[in-house]
Amino acid sequence: MSHTHHDHDHDRPAGPGPIRLLAVRDGALSVDEVFAAVGDDAAGGTALFVGTVRDHDGGAPVTALSYSAHPGAESELRRVAEKVAADFPVRAMAAVHRVGDLRVGDLAVVVAVSCPHRAEAFEACRRLIDDLKREVPIWKHQTFADGTEEWVGACSR
């Protein structure tokens with residue numbers, strides 16, 4: 001019996017719970033990886049949100065963009081994810097955010113939530129991305145076509 005219990009612990013190194021993948025990465029993000037991470041036989045609906053780099057902001061053309069993360073960003077991401085998992089019937093959840101230099105069209109963030117039903121999957125996914133944007137310390141540095149630049153704080157409170 002104890003052997004089975006040990007195997008279960010090994011499957012979920014971060015402890016029990018629905019959070020399958022959380023990362024802040026300086027490499028390209030994969031929608032397939034995030035989608036695969038939240039696969040669950042008990043889930044009837046999976047909501048996936050992909051944030052991409054757009055070619056303008058506030059009407060001004062953007063030519064370059066980079067993201068920087070505070071060293072504590074991953075633990076803040078985990079705190080946000082755990083809160084969403086506690087508030088919704090989440091079967092599985094994943095979130096990855098890119099840092100470093102990105103080009104227009106690149107994936108900046110990919111989050112996914114699977115739940116028994118679609119309505120709660122949509123709602124939980126929306127909360128996850130909104131809270132991530134508001135609370136996880138990741139900043140965006142934009143360079144515009146006219147040469148001006150600006151920092152945009154993810155923590156806008």
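**Figure 1. His-97 and its bridge partners in the predicted model.** Within strand E7, Val-109 is the bridge partner of His-97, in a model that is predicted. Val-24 also stands opposite His-97, which belongs to E5. The pairing of E5 with E7 is antiparallel and comprises 6 bridges, while E1 and E5 run parallel and are likewise joined by 6 bridges.

**Figure 2. The two faces of strand E5.** In a regular strand, side chains alternate between the two faces of the sheet. From E5, Ala-92, Ala-94, Val-96 and Arg-98 point one way, whereas Met-93, Ala-95 and His-97 point the other way, and all of these residues are buried. The strand as a whole is described as mostly covered, with 7 of its 7 residues buried.

**Figure 3. The open sheet and its edges.** The sheet has 4 strands, is open, and follows the order E1-E5-E7-E2 with mixed pairing. Strand E1 (19-25) and strand E2 (45-52) form the edges, each of them pairing on one side only. From one strand to the next, the twist averages 5°. Strand E7, which spans residues 107-115, runs antiparallel to E2 and is joined to it by 8 bridges; in this region, Leu-48 stands opposite Ala-112 of E7.

**Figure 4. Helices H3 and H4 against the sheet.** Helix H3, made up of residues 73-87, packs on the sheet and touches both E1 and strand E5 (92-98), with a direction that makes about 150° with that of E1. Helix H4, made up of residues 118-135, lies across E2, E5 and E7, and runs at about 145° to E7.

**Figure 5. Leu-128 in the largest nonpolar core.** The largest nonpolar core contains 32 residues, and those with the most contacts inside it are Met-93, Val-111, Val-113 and Leu-128. Two or more residues are given to this core by each of E1, strand E4 (60-69), H3, E5, E7 and H4. When residues up to four places away in sequence are not counted, Leu-128 touches Val-80, Ala-81, Val-84, Met-93, Ala-94, Ala-95, Val-111, Ala-112 and Val-113. Another core lies apart from the largest one and has 10 residues, among them Val-34, Val-38, Val-110 and Ala-112.

**Figure 6. Arg-20 and its polar contact with Asp-40.** Arg-20 lies in strand E1. With a relative accessible area of 30%, Arg-20 is partly exposed, because this value falls between the 20% under which a residue is buried and the 50% over which a residue is exposed. The side chains of Arg-20 and Asp-40 are joined by a polar contact of 3.4 Å. Gly-39 is 19 residues from Arg-20 along the chain, and the C-alpha atoms of these two residues are separated by 9.6 Å.

**Figure 7. The surroundings of Ser-66.** Ser-66 is found in strand E4. Its relative accessibility is 13%, so Ser-66 counts as buried, the cut-off for that class being under 20%. Neighbours within four places in sequence aside, Ser-66 is in contact with Gly-100, Asp-101, Trp-139, Lys-140 and His-141.

Technical notes: Residues numbered from 1 in each chain as written. Predicted model: local features only at pLDDT ≥ 70, side-chain atom pairs only at ≥ 80, totals over all residues. Heavy atoms only, no water. Pairing = 2+ DSSP bridges. Axes fitted to C-alpha atoms, helices over the stretch in contact; angles between N-to-C directions. Contact = heavy atoms within 4.5 Å. Core = buried A, V, L, I, M, F, W, Y, C linked by side-chain atoms within 4.5 Å. Buried < 20%, exposed > 50% of the residue type's maximum accessible area, 1.4 Å probe, protein only. Polar contact = N/O pair within 3.5 Å; in protein donor to acceptor, adjacent residues only side chain to side chain.
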